[in-house]
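Student: Please take one part of this structure and go through it closely. I am new to it, so explain each term as it comes up.

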Amino acid sequence: MIVRMGKRKLGLALGSGGLRGAAHIGVLRSLERHGLLPDCLSGSSAGAVVAALYAAGYTAGYTVSEMIDLALGLTADKIYDPHITWRSLSALARHWLCRRLSLKPPTSWPFPKGLLQGEAWERYLVSLLGDQQFRDLKLPLAILAVDVDNGQSVAFASAALSQADVTLTGATVAQAVRASTSIPGVFVPLHLFGFTLVDGAVKASVPAHLARNLGADVVLAVDLGVVRGGVEQVENIVEVISQSLHIMEAELTSYQLDQHANLVVRPSVYNASLRDFERIPEIIASGEKAMEALIPQLKQHLGLE
């Protein structure tokens, strides 16, 4: 492998997309093959997971190959709490019925802030990332979340970032990823330092601006987009919420990437859903293929050709 020796810093911005986020690993495998290693990373939601694991690789030992093994070993029980869904659905149904009948729900009927508490997901993240903080990482990393109480963008990093409304520097990397992956309505928001934090994709599904803020001269963004052409049919409430958010994000993402990214990779994984664990190898390969096609352009941006 030839390691890049140019002076232009490469920032990699990884976007949201549920299980489609495995495509980010394929992108990293392609970059590694060509010696085009990122100097800094940013991520939202699924992108935050991969960005955090890669940045932590310098201290916790997660190489791209090991990240592939983690992805292939991913199962529903590592993400979803098995005991909370029906209780939450029951509460939602009761509140909906009261609203339809113009009745005030009893105070003994607490309305859930999400279908899932996220306890299983939190445990899994801690098992991977431990108690590392951003200052412990040798590779600069920024993760985006949103305070649902006031709409502020909240970045997690080792130092203040001017492109975010608020920067939290004292959180662990695992806490940052848990916050950034809190899909509204699906996972209960993370309450941290007085903030009520949800999925960073609410404000920027691909936080290219944070990669720029970390000092990148060239920002490579990975946009996993939205299911197109009616190829994928949603089949449950989790997928309805997630897919609706992706649809709302699409135009905003396009505008943001025009402003902050030098090059955008768009793997063809639009028809992979939150339940398609068996398709992870295909998704990784799709990310790798999409990046390989753009390697010549990336080298041009970096002044290597």
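Tutor: Over residues 92-98, pLDDT (the predictor's confidence in each residue, from 0 to 100) stays under 50. The model has 12 contacts beyond four places in sequence for residues 92-98, a contact being heavy atoms within 4.5 Å. Where pLDDT is low, the predicted coordinates should not be read in detail. This is a predicted model, in which local features need pLDDT of at least 70 and side-chain atom pairs count only at pLDDT 80 or more, while totals for chains, interfaces and linings use all residues. Residues are numbered from 1 along each chain as its sequence is written, and side-chain values use heavy atoms, leaving out hydrogens and water. For the chain, mean pLDDT is 84, with 77% of residues at 70 or more.

The part to look at is helix α1, residues 23-33. Helices are DSSP runs of H or I with at least four residues, numbered from the N terminus. Eight of the 11 residues of α1 are buried, so the rest of the structure largely encloses this helix. Buried means under 20% relative accessible area, exposed over 50%, and partly exposed in between, with a 1.4 Å probe and protein chains only. The buried residues of α1 include Ala23, His24, Ile25 and Leu31. Just after α1, Gly35 has a positive phi of about 70°.

Arg29 of α1 forms a salt bridge with Glu288, at 2.8 Å from N to O; the term stands for a side-chain nitrogen of Lys or Arg within 4 Å of a carboxyl oxygen of Asp or Glu. Glu288 belongs to helix α9 (residues 280-301), and this pair links parts of the chain 259 residues apart. Glu288 counts as buried because its relative accessibility is 12%, whereas Arg29, at 30%, is partly exposed.

A search of the whole structure finds seven salt bridges. Another of these pairs Asp276 with Arg279, where the closest N and O atoms are 3.8 Å apart. Both Asp276 and Arg279 are buried. Returning to α1, salt bridges with shared partners join Arg29, Arg33, Glu288 and Glu292 into one network.

Away from that helix, the salt bridge of Glu122 and Arg178 has its closest N and O atoms 3.0 Å apart. Glu122 is in helix α5 (residues 119-129) and Arg178 in helix α6 (residues 173-180), with their positions 56 residues apart in the chain. Arg178 is buried because its relative accessibility is 3%; Glu122, at 31%, is partly exposed.

Terms used:
Helix = DSSP H or I, 4+ residues; strand = E, 2+ residues; numbered from the N terminus.
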